[in-house]
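I opened a notebook page for this chain and put down what I looked up, entry by entry.

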Amino acid sequence: MVMALAPCSSERAWDLLVDVSQHCNIKLRDVAAALVATTKDRMLPEPIQRELRRALRRLHAADRR
């Protein structure tokens, strides 16, 4: 799912999920479950949304270098 949001390798997608999990202080499995739940019309919790946006910005900034 992350690879569809931000075209990247599976390793980068995993790192992004880990980053979001660590910055939100939410278990990785719960972050992943929340992302999957969005496919069933559930909203992503605000802390995860915020950190996901930040992580995506860092990923894109790193790609530009």
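**Notebook: loops, helices and cysteines**

I began with asparagine 25, which is exposed, having a relative accessible area of 72%. This is a predicted model, and I kept that in mind for every entry that follows. I placed asparagine 25 in the loop between H2 and H3, and I noted that its phi is near 55°, a positive value in a residue other than glycine. I wrote beside this that most residues other than glycine have a negative phi.

I then turned to aspartate 41, where I again found a positive phi, here about 65°, although the residue is not a glycine. Aspartate 41 lies in the loop between H3 and helix H4, the latter covering residues 46-64. I looked up its accessibility as well: the relative accessible area is 78%, so aspartate 41 counts as exposed, the cut-off being over 50%.

**Overall layout**

I went through the secondary structure next and recorded four helices and zero strands in the chain, so that from the N terminus on the elements read α-α-α-α. For the dimensions, I noted that the C-alpha atoms fill a box of roughly 35 × 20 × 15 Å along the principal axes. What radius of gyration would a compact globule with 65 residues have, and what does the chain have? The expected value is near 11 Å and the chain has 11 Å, which agrees.

I also looked up burial over the whole chain and found that buried residues make up 32% of the 65 residues. On contacts, I took those between residues at least 6 apart in sequence, and 49% of them join residues at least 24 apart.

**H2 against H3**

I recorded for myself that two packed helices are described by the angle between their axes and the distance between the axes. For helix H2 (residues 10-24) and helix H3 (residues 28-37), the axes come within 9 Å and cross at roughly 110°. That angle makes H2 roughly perpendicular to H3, because 65 to 115 degrees is the range that counts as such.

Which residues meet across this pair? From H2 I listed Trp14, Leu17, Val18, Val20 and Ser21, and from H3 I listed Leu28, Val31 and Leu35. Sorted by class, the contact of H2 with H3 has seven nonpolar residues, one polar residue and no charged residues.

**The cysteines**

I asked how many disulfides the count comes to. The count comes to zero disulfides, and cysteine 8 is in none, with the nearest cysteine sulfur, that of cysteine 24, lying 17 Å away. I checked this from the other end too: the sulfur of cysteine 24 has its closest cysteine sulfur in cysteine 8, at 17 Å, which is too far for a bond, since a disulfide needs the sulfur atoms within 2.5 Å.

Are these cysteines buried or exposed? Cysteine 8 has 18% relative accessibility and therefore counts as buried, and cysteine 24, at 14%, counts as buried as well; the cut-off is under 20%.

I stayed with cysteine 24, which is found in helix H2, to see what surrounds it. Leaving out residues up to four places away in sequence, I found that cysteine 24 touches Pro47, Ile48 and Glu51. I also recorded that cysteine 24 and arginine 50, though 26 residues apart in sequence, are 9.0 Å apart in space, C-alpha to C-alpha.

Note on methods
Residues are numbered from 1 along each chain as its sequence is written. This is a predicted model: local features need pLDDT of at least 70, side-chain atom pairs count only at pLDDT 80 or more; totals for chains, interfaces and linings use all residues. Side-chain values use heavy atoms; hydrogens and water are left out. Axes are lines fitted to C-alpha atoms, for helices over the stretch in contact, and angles run from 0 to 180 degrees between N-to-C directions. Helices (H or I, at least four residues) and strands (E, at least two) are DSSP runs, numbered from the N terminus. Angles under 35 degrees count as roughly parallel, over 145 as roughly antiparallel, 65 to 115 as roughly perpendicular and the rest as oblique. Contact means heavy atoms within 4.5 Å. Ala, Val, Leu, Ile, Met, Phe, Trp, Tyr, Cys and Pro count as nonpolar, Asp, Glu, Lys and Arg as charged, and the others, Gly among them, as polar. Buried means under 20% relative accessible area, exposed over 50%, partly exposed in between (1.4 Å probe, protein chains only). The radius of gyration is taken over C-alpha atoms; the globule rule is 2.2 Å times the number of residues to the power 0.38.
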